[in-house]
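Trainee: Hi! I have a new structure open and could use some company while I look around. Can we go through it together?

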Amino acid sequence: MSNPKDIFNRLFKEIHPQDRLFPKSEKGIGDFESEEILNTNIYNVMLNRRSQRKFESKYVEDWKLDIIFAAADTAPTAGGFQGFEIFHIKNHGIKIKLVMAANNQPYVNAPVVLVFCMNPSRVKMKFPSDTLKKFSIQDATLAAAYAQLAAHSLGLSSIWIGMIDEIKVMEAIGTNLFPSSILCIGYPKKILQPKPKRTLSELIQVIE
Ligand SMILES: Cc1cc2nc3c(=O)[nH]c(=O)nc-3n(C[C@H](O)[C@H](O)[C@H](O)COP(=O)(O)O)c2cc1C
C-alpha cells in the first residue's frame with residue numbers, strides 16, 4: 001500500500017462498488033467528461049490535486065469563486081469564531097506587489113489571488129494572546145486548504161504560496177492583519193500528475 005492512489009482506489013471500491021475514481025491523466029481539460037471536471041467526490045479531488053504554477057489567462061467564473069469561498073467558510077475554526085479573513089485581490093497593480101512580496105514568484109499574478117489572513121481579535125476566548133494567534137493561523141490555514149480542494153473540484157488548479165514577506169503583503173493589500181498564505185487559482189495550462197507521497201508506513205508513527 002504505497003501511495004494515496006492505491007489506498008483510495010482499494011477502499012473506495014469496497015465502499016462504492018458501482019462508482020469509480022478518476023485518476024488524473026495528462027489530457028487537456030477539454031478532453032475530460034464533465035463528470036470528471038466538476039468532481040464532487042472528495043477522494044477524487046484529493047487524489048488529483050496537484051500544485052500548478054502555469055495558468056491560462058481564462059476568467060474564472062463567479063459561481064466557482066462563490067463555491068470556493070463557501071468551502072473556506074465551512075472549515076473548522078477554533079471555538080467556531082472564524083479567526084481569519086480572505087482578501088480577494090482583483091487589482092493588477094496589487095497582484096504585482098504581491099509577486100514582489102512573494103520572493104518574485106511570477107505565478108502569484110494569477111487569475112484569482114486570495115490572501116488568507118489571521119484575525120485573532122475574532123477569537124473571543126479567554127486565552128493568552130499567543131494562543132489566540134496560534135488558533136487564528138490554524139483557522140486561516142485550514143480555510144485556505146478547504147478553498148484549495150474546492151478549487152480542484154471545479155476543474156481549477158492552484159498554488160499555495162507560503163514564501164511571503166508578511167509585512168510587504170500587509171502593505172500591498174492595506175491591512176494590519178497578518179497573512180498566513182496566498183492561494184493562487186486559475187485554469188491549468190496543462191494537467192499535471194499528482195506528486196508521489198510517502199508510504200503510510202513512513203508517514204504514520206504508531207504509539208502503543
Ligand atoms: C506551507 C506551504 C508553503 C508553500 N509555499 C510555496 C511557495 O511559496 N511557492 C511555491 O511555488 N509553492 C509553494 N508551496 C507548494 C508546494 O511546493 C507543493 O505543495 C509541494 O511541492 C507538493 O506538491 P503538490 O501540492 O503538487 O502535492 C507551498 C506549500 C505549502 C503547504
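**A loop, a sheet and a ligand**

Mentor: Happy to! Let's begin in the loop between α5 and β2, where asparagine 109 lies. Keep in mind that this is a predicted model.

Trainee: Okay, found the loop. Is asparagine 109 exposed, partly exposed or buried?

Mentor: Asparagine 109 is partly exposed, because 16 other C-beta atoms lie within 10 Å, and a residue needs 20 or more to count as buried, or 12 or fewer to count as exposed.

Trainee: And which residues does asparagine 109 touch?

Mentor: Leaving out residues up to four places away in sequence, asparagine 109 touches Lys95, Ile96 and Val99. You can also look at isoleucine 94: asparagine 109 is 15 residues from it in sequence, and their C-alpha atoms are 9.1 Å apart in space.

Trainee: What about asparagine 104, where is that one?

Mentor: Asparagine 104 also has its place in the loop between α5 and β2. Asparagine 104 counts as exposed, because it has 9 other C-beta atoms within 10 Å. Its phi is near 55 degrees, which is a positive value in a residue other than glycine.

Trainee: Which other residue has a positive phi although it is not a glycine?

Mentor: Glutamine 82 has one, with a phi of about 50 degrees. You'll find glutamine 82 in the loop between α4 (62–73) and β1. With 19 C-beta neighbours inside 10 Å, glutamine 82 is partly exposed.

Trainee: Let me zoom out. How many helices and strands are there in the protein?

Mentor: The protein has 8 helices and 4 strands. Reading from the N terminus, the elements go α-α-α-α-β-α-β-α-β-α-β-α.

Trainee: And in what order do the strands sit in the sheet?

Mentor: The order is β1-β2-β4-β3, in an open sheet of 4 strands with antiparallel pairing. At the edges are β1 (84–89) and β3 (157–161), each pairing on one side only. From one strand to the next, the twist averages 20 degrees.

Trainee: Which helix packs on the sheet, touching β1, β2 and β4?

Mentor: That is helix α5, residues 92–101. The direction of α5 makes about 115 degrees with that of β1.

Trainee: Back to the strands. How many bridges join β2 to β4?

Mentor: There are 6 bridges between β2 (residues 112–118) and β4 (residues 179–186), and these strands run antiparallel. Try tracing a couple: phenylalanine 116 has serine 181 of β4 as its bridge partner, and valine 112 has isoleucine 185.

Trainee: And what's on the other side, between β3 and β4?

Mentor: β3 and β4 pair over 5 bridges, in the antiparallel sense. Isoleucine 185 in β4 turns up here too, as the bridge partner of serine 158.

Trainee: So how many residues of β4 are buried?

Mentor: 8 of the 8 residues of β4 are buried, so β4 is largely enclosed by the rest of the structure. Across the protein, 29% of the 208 residues count as buried.

Trainee: Can you pick one residue in β4 for me to click on?

Mentor: Take serine 180, which has its place in strand β4. Serine 180 is buried, because 23 other C-beta atoms lie within 10 Å. Not counting residues up to four places away in sequence, it touches Phe116, Cys117, Met118, Ile137, Ala140 and Thr141.

Trainee: How far is serine 180 from phenylalanine 116?

Mentor: They are 64 residues apart in sequence, but 5.8 Å apart in space from C-alpha to C-alpha. For the protein as a whole, take contacts between residues at least 6 apart in sequence: 78% of them join residues at least 24 apart.

Trainee: New topic! Which residues surround the ligand?

Mentor: The ligand is surrounded by Arg50, Ser51, Arg53, Gln105, Ile159, Trp160, Ile161, Gly162, Met163 and Lys195. This shell divides into 4 nonpolar, 3 polar and 3 charged residues.

Trainee: Last one: what is the mean pLDDT of the protein?

Mentor: The mean pLDDT is 89, and 84% of the residues reach 70 or more. Over residues 29–37, though, pLDDT stays under 50, and the model has 8 contacts beyond four places in sequence for that stretch. Where pLDDT is low, the predicted coordinates should not be read in detail.

Terms used. Residues are numbered from 1 along each chain as its sequence is written. This is a predicted model: local features need pLDDT of at least 70, side-chain atom pairs count only at pLDDT 80 or more; totals for chains, interfaces and linings use all residues. A residue is near a molecule or strand if its C-beta atom, placed from the backbone, lies within 6 Å of it. Ala, Val, Leu, Ile, Met, Phe, Trp, Tyr, Cys and Pro count as nonpolar, Asp, Glu, Lys and Arg as charged, and the others, Gly among them, as polar. Two strands pair if DSSP finds at least two bridges between them. Helices (H or I, at least four residues) and strands (E, at least two) are DSSP runs, numbered from the N terminus. Axes are lines fitted to C-alpha atoms, for helices over the stretch in contact, and angles run from 0 to 180 degrees between N-to-C directions. Two residues are in contact if their C-beta atoms, placed from the backbone, lie within 7 Å. pLDDT is the predictor's confidence in each residue, from 0 to 100.
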